[in-house]
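Biologist: I am new to this structure. Could we go through it feature by feature?

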Amino acid sequence: MAIAFKQETFRDDFSYRNSPGNIRRFPFPFDRDEYMYSVNMEPHVRGRADTVYENLIDVDEHYVAEMRDRALVLKEDPLRYQALPHMMSAQWDTLELLMEEQAAGYPDHFTLIRSGDQWRWINRPLGIDDSFTFGDASTLPCEPFEYITRQAQGDFCIVDQRDGNLWMDAGMVTTQADWSLDFDIGMNFMEWHGPVPLAHQIGVFDRALKFLLNLQQGKPTRRFNWTMTINPRLDTSPENYHKWGPDRTTVTPDNVGEKVHLRVELQSLWRLPRSNAILFVIRCYLMNMEELATVPKWARRFPRVLKTLPPELIDYKGLTRFRETTIDWFSKYDDGAPTSPGI
Ligand code: HEM
């Protein structure tokens with residue numbers, strides 16, 4: 001079915017909102033009333049219609065606006081896209097994967113026509129119709145990884161596997177929750193996860209790395225991560241901290257509903273066929289507290305998660321300045337009823 005793409009902004013007047021249909025498909029990530037890091041990985045398989053699992057690469061009503069925001073970020077700061085020279089084969093792997101998945105999932109919007117290495121890619125929402133030679137970067141307007149990730153929602157890292165570790169050797173990162181590709185490029189799995197509290201001590205990263213080193217082609221895996229953002233801003237990068245950091249001090253009891261957002265990342269990991277690298281997709285979903293509160297079980301659960309969050313996570317996720325105001329705002333929705341595990 002054709003998607004009605006919204007005209008909206010993730011900066012300045014922040015006109016981003018979710019339609020009622022998009023709220024219903026929001027991937028609320030909590031299956032109980034408290035949260036702690038874990039190796040929360042499961043097979044990335046297709047799910048029911050009208051959920052974010054309907055297709056393995058999800059496109060929604062925010063697609064066009066997100067791609068416009070990415071173009072603005074890249075114009076201001078081209079280093080949000082980087083790929084080390086040995087990643088060219090992984091770049092083509094990624095282009096193939098994203099074109100195939102988008103064309104298969106959304107035939108009204110995307111078409112891929114192949115004749116040997118002569119490919120034609122039609123992206124109707126963005127008005128693109130390009131023919132190129134697969135494997136020959138000179139036939140595209142930019143590198144293949146940049147080309148396709150300017151046309152796909154979410155951030156993307158490609159990690160190279162060598163010496164029993166994973167290395168962040170390419171990325172398109174314009175919608176990140178306060179980390180920097182320019183800082184992390186060339187680092188390994190343990191190094192770029194260095195700042196994360198508690199998870200190293202409980203063995204999360206040792207187990208996750210072991211799992212990923214054995215990831216098989218054709219069997220992608222997924223997990224959720226989450227944080228909170230003030231205003232529906234996609235680009236919460238360290239590079240632009242001066243623009244969004246002060247927003248955290250602007251939350252009052254009157255503006256919680258509109259200003260405070262739950263930011264959920266549906267992360268999927270894919271073994272790539274030619275390069276043996278892994279594509280890490282960080283698909284970001286934003287929802288303000290008013291929208292969240294339209295689903296009663298979420299309105300009960302979310303403040304309980306916030307109340308019981310370990311102090312280290314409150315600090316790391318940057319919630320200190322507005323967590324209590326948000327919990328108080330939800331008190332009108334929490335009747336104390338128990339919630340069921342797993343919803
Ligand atoms: C945070 C990248 C896979 C668990 C992060 C950060 C980055 C990152 C850049 C931010 C660190 C900072 O503060 O600077 C990646 C990449 C992955 C990957 C490229 C794939 C190769 C995983 C996996 C797990 C995991 C498989 C599973 C347990 C976490 C956790 C955090 C984190 C718990 C903290 C998030 C938060 O509290 O907001 N990751 N990660 N990561 N990562 Fe990963």
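**A helix and a ligand**

Modeller: This is a predicted model. A residue counts as buried if its relative accessible area is under 20%. In helix α11, the buried residues are W298, A299, R300, R301, F302, P303, R304, V305 and L306.

Biologist: What covers the buried residues of α11?

Modeller: Contact here means heavy atoms within 4.5 Å. The cover includes three strands, β8 (221–230), β9 (260–271) and β10 (278–288), together with the helices α1 (20–24), α10 (289–292) and α13 (323–329).

Biologist: How many ångströms should α11 span, and how far apart are its end C-alpha atoms?

Modeller: The expected span is 1.5 Å times one less than the number of residues. Helix α11 covers residues 296–308, so its 13 residues should span 18 Å. Its end C-alpha atoms are 19 Å apart, which agrees.

Biologist: Now the ligand. Which pocket does the ligand take?

Modeller: The ligand takes the space of the largest pocket.

Biologist: Which residues around the ligand come nearest?

Modeller: There are 23 residues around the ligand, and Y37, W192, H193, Y316 and K317 come nearest.

Biologist: Which elements supply at least two residues of the shell around the ligand?

Modeller: Among them are α6 (189–192), α7 (204–213) and β8. The largest share, four residues, comes from α7. Strand β8 also helps to cover the buried residues of α11.

Biologist: Where do polar side-chain atoms lie relative to oxygen atoms of the ligand?

Modeller: A pair of N or O atoms within 3.5 Å is what to look for. From an oxygen atom of the ligand, a polar side-chain atom of Y37 lies 2.4 Å away, one of K317 lies 2.9 Å away, and one of N225 lies 3.2 Å away.

Key. Residues numbered from 1 in each chain as written. Predicted model: local features only at pLDDT ≥ 70, side-chain atom pairs only at ≥ 80, totals over all residues. Heavy atoms only, no water. Buried < 20%, exposed > 50% of the residue type's maximum accessible area, 1.4 Å probe, protein only. Near = heavy atom within 4 Å. Polar contact = N/O pair within 3.5 Å; in protein donor to acceptor, adjacent residues only side chain to side chain. 1 Å grid on protein atoms, 1.4 Å probe; cavity = no way out; pocket = protein on both sides within 12 Å on 5 of 7 lines; lining within 4 Å. Sits in = over half its atoms within 2 Å of the grid points.
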